[in-house]
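Biologist: Please take a close look at the enclosed space in this model. Start with the cavity search, then work outward through the parts around it.

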Amino acid sequence: MDINKKNLLILHLTVLIWGFTGVLGKVITIDAVPLVWYRVLIATSTLFLWFLVTKKNIKITKKQFFQFFLTGGIVAIHWIFFFHAIKVSTVSVTLVCLSSFTLFTAILEPLIKKQPIQMGDILIGLLIILGIYMIFKFEGQYTLGIIFGLLAAVASSLFSTINSTLVQKSEPSIIGFYELIGGLFWITLYRFYDGSLINLPFNLDLKNWFYIGILGTLCTSVAYVAGVSVMRTLSAFRVALVTNLEPVYGIILAFFFFKDKEQMTGGFYIGALIILGSIFLYPIYKKRKNKQ
């Protein structure tokens, strides 16, 4: 098989796995904060073992460490908001709201990098806002989930924008590893503060342990390493298009696993189509803009 075709297949499988995290967030019965704590703990441990096996040099400067460490806190907040949104609403609602990170990136990236906001970014953003409005209007019973889904999207766009700058000087796998360490530290600190770390739920049933194990290994460390490795041969445009399939894959998987519980109103699907259509248009618009 051609290397590009092989890597494209790997990327699709990776995005499918990312979409599966929503399903796992629903079937794991513990709250969002301990869930993310376990996820980060397992992912950090398995990535460290991978570095040991591959004998990878993971030394970085103090400045880089603090940059990655602090960014890891934003990653942790993103995951906590994401899983809490799933707990209080549905996988479909959360994933569609999360996909609006394109809107927030279009706003935050120019501000952080001190660049002008493009008119095309504004138009795409307005379409996404229209889609969000439709979902709010027709799925009012999930207002809290929609809000946390949007907050997760804001956090995602923030750390993605920061990482787009950091990746210019460091390897993505190294950045990811130290961000996971940072995320683990900040969540552990919070859990010390609220007292939940003293009574760790190590008495989880086997089903929960199994799903948490899959979340921490396959859906985090393995998927991350696989995703990073294929990006070396695939164009940024193709990666962006395939990555945008995450909410689509996630919604299909959620419907397969939960059936009627994921059944939404017609207004939701209209709003979802507007948002998903916008995020698929975005990389196409960006590619044409860069050519100009």
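Modeller: The search gives one cavity of 30 Å³ or more. A cavity here is a set of points on a 1 Å grid over the protein atoms alone, where a 1.4 Å probe fits but cannot get out. Points are joined across faces, edges and corners, and the volume is the space filled by probe spheres set on them. The largest cavity comes to about 30 Å³.

The model is predicted, so local features need pLDDT of at least 70 and side-chain atom pairs count only at pLDDT 80 or more, while totals for chains, interfaces and linings use all residues. Residues are numbered from 1 along each chain as its sequence is written, and side-chain values use heavy atoms, with hydrogens and water left out.

Now the walls. The largest cavity is lined by Val40, Gly72, Val75, Ala76, Trp79, Glu179, Leu180 and Gly183, each having an atom within 4 Å of a point. Two helices supply at least two lining residues each: H3 (62-88) and H8 (172-194). Helices are DSSP runs (H or I, at least four residues), numbered from the N terminus. H3 contributes the most, with four residues. By class, the lining splits into five nonpolar, two polar and one charged residues. Ala, Val, Leu, Ile, Met, Phe, Trp, Tyr, Cys and Pro are nonpolar; Asp, Glu, Lys and Arg are charged; the others, Gly among them, are polar.

Stay on H3. Thr71 sits in this helix. It is buried, at 5% relative accessibility. Buried means under 20% relative accessible area, exposed means over 50%, and partly exposed lies in between (1.4 Å probe, protein chains only). Neighbours within four places in sequence aside, Thr71 contacts Phe159, Ile162, Asn163, Leu166 and Glu179. Contact means heavy atoms within 4.5 Å. Glu179 thus appears twice: it touches Thr71, and it is part of the cavity lining.

H3 also carries aromatic rings. The whole structure has 19 aromatic pairs. Rings of Phe, Tyr and Trp (its six-membered ring) pair if their centres lie within 6.5 Å; planes under 30 degrees apart are stacked, over 60 edge-to-face, the rest tilted. Phe65 and Phe66 form an edge-to-face pair, because their ring centres are 5.7 Å apart and their planes meet at 75 degrees. Phe65 and Phe69 are stacked instead: their centres are 5.2 Å apart and their planes stand at 25 degrees. Both of these residues lie in H3, four residues apart, about one turn of the helix. Their accessibility differs in class. Phe65 is partly exposed at 27%, whereas Phe69 is buried at 12%. Ring pairs tie them into a cluster, which also includes Phe48, Trp50, Phe51, Phe177, Tyr178, Phe185 and Trp186.

Trp50 leads on to H9 (residues 206-230), the helix that holds Val225. Val225 contacts Leu47 and Trp50, sequence neighbours within four places aside. Its relative accessible area is 22%, so Val225 counts as partly exposed. Val93 is another matter: its C-alpha is 28 Å from that of Val225, with the two positions 132 residues apart along the chain.

Next, the loop between H2 (32-54) and H3, where Lys55 is found. Most residues other than glycine have a negative phi. Lys55 is not a glycine, yet its phi is positive, about 55 degrees. With 76% relative accessibility, Lys55 is exposed.

Two further helices hold buried residues. Ser92 belongs to H4 (residues 91-98) and is buried at 2%. It contacts Ile251, Glu262, Met264 and Phe268, again leaving aside neighbours within four places. Gly131 belongs to H6 (residues 119-138) and is buried at 0%. Not counting residues up to four places away, Gly131 touches Gly271, Ile274 and Ile275. Ser100 is 31 residues from Gly131 in sequence and 9.2 Å from it in space, C-alpha to C-alpha.

Last, the cysteines. Cys97 is buried at 1% relative accessibility. Cys219 is likewise buried, at 1%. The structure holds zero disulfides, a disulfide being a pair of cysteine sulfur atoms within 2.5 Å.

Definitions and conventions
1 Å grid on protein atoms, 1.4 Å probe; cavity = no way out; pocket = protein on both sides within 12 Å on 5 of 7 lines; lining within 4 Å.
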